[in-house]
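Work through the exercises below with the structure open. Each task is followed by a solution in steps.

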Amino acid sequence: MLEKFHEHIVHVPNQLGGESLLTRDDLIQGLCEMARNPVLFVEGMDSVNLVEERQDEDGTLHLTREVRFGEFTVKDHIHVSPAGEFIQDVPSQGELNASRMTARLEEPEEGALFMRFVYEVPAATNPAKDPSAAMYLDTLRQAYTDKDLAMVEKLMTFALDK
């Protein structure tokens with residue numbers, strides 16, 4: 001069973017001189033591209049092999065991938081909904097515990113775009129339960145936040161360049 005380890009929100013700058021730069025659909029298309037070609041969006045990732053791709057009647061995209069970071073390969077499952085939810089499920093494999101990252105596009109008012117990121121890990125291995133790990137946890141959470149800020153920046157660049 002997975003439980004939340006870290007959650008944060010990133011504002012997607014979307015205004016220039018009162019004009020909207022991006023639409024919600026632009027960012028959803030960017031999430032689909034990130035699912036299919038994550039090397040463009042994730043630093044340190046060397047390659048991706050799409051093992052399976054299918055789309056549900058409701059438009060939800062499902063991918064099974066093998067992503068490579070140097071000599072380390074991770075198999076994951078990606079789901080991107082038409083509403084703008086990107087879920088990365090990583091099953092337990094080798095010494096790697098299962099985990100889930102959810103990035104959800106939120107628009108509390110028209111044109112105000114945010115991405116909510118939620119990281120989940122197995123309850124038994126959640127480092128947040130170890131009080132002696134405070135410095136490690138702060139560093140890990142900051143690394144997730146920095147990665148997500150860079151990812152949103154790359155999503156915006158992709159959406160603006162298309």
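**Exercise 1.** Check whether the span of helix α2 (residues 134-161) fits its number of residues.

Solution. The model is predicted. Helix α2 has 28 residues, and at 1.5 Å a residue these should span 40 Å. The expected span is 1.5 Å times one less than the number of residues. The end C-alpha atoms of α2 are 41 Å apart, which agrees with the expected value.

**Exercise 2.** Repeat the check for helix α1 (residues 24-36).

Solution. Helix α1 has 13 residues, for which 18 Å is expected at 1.5 Å a residue. From the first C-alpha of α1 to its last, the reach is 19 Å, close to that value.

**Exercise 3.** List buried residues of the two helices, then state what those of α2 pack against.

Solution. Buried means under 20% relative accessible area. In α2, the buried residues are Leu137, Thr145, Asp148, Met151, Val152, Leu155, Met156 and Ala159. In α1, they are Asp26, Leu27, Ile28, Gly30, Leu31, Cys32, Met34 and Ala35. The buried residues of α2 pack against α1 and against the strands β1 (2-12) and β9 (112-122).

**Exercise 4.** Describe the largest pocket and its lining.

Solution. The largest pocket holds about 860 Å³ of space. Its lining has 33 residues, and Gln88, Val90, Ser99, Tyr119 and Tyr144 are the closest to the pocket centre. Two or more lining residues come from each of β5 (61-69), β6 (72-80), β7 (85-90), β8 (99-109), β9 and α2. Helix α2 gives the largest share, six residues. Sorted by class, the lining has 23 nonpolar, six charged and four polar residues.

How values were computed
Residues are numbered from 1 along each chain as its sequence is written. This is a predicted model: local features need pLDDT of at least 70, side-chain atom pairs count only at pLDDT 80 or more; totals for chains, interfaces and linings use all residues. Side-chain values use heavy atoms; hydrogens and water are left out. Helices (H or I, at least four residues) and strands (E, at least two) are DSSP runs, numbered from the N terminus. Buried means under 20% relative accessible area, exposed over 50%, partly exposed in between (1.4 Å probe, protein chains only). Contact means heavy atoms within 4.5 Å. On a 1 Å grid over the protein atoms alone, a cavity is a set of points where a 1.4 Å probe fits but cannot get out, and a pocket is an open set with protein on both sides within 12 Å along at least five of seven lines; lining residues have an atom within 4 Å of a point. Grid points are joined across faces, edges and corners, and a volume is the space filled by probe spheres set on the points. Ala, Val, Leu, Ile, Met, Phe, Trp, Tyr, Cys and Pro count as nonpolar, Asp, Glu, Lys and Arg as charged, and the others, Gly among them, as polar.
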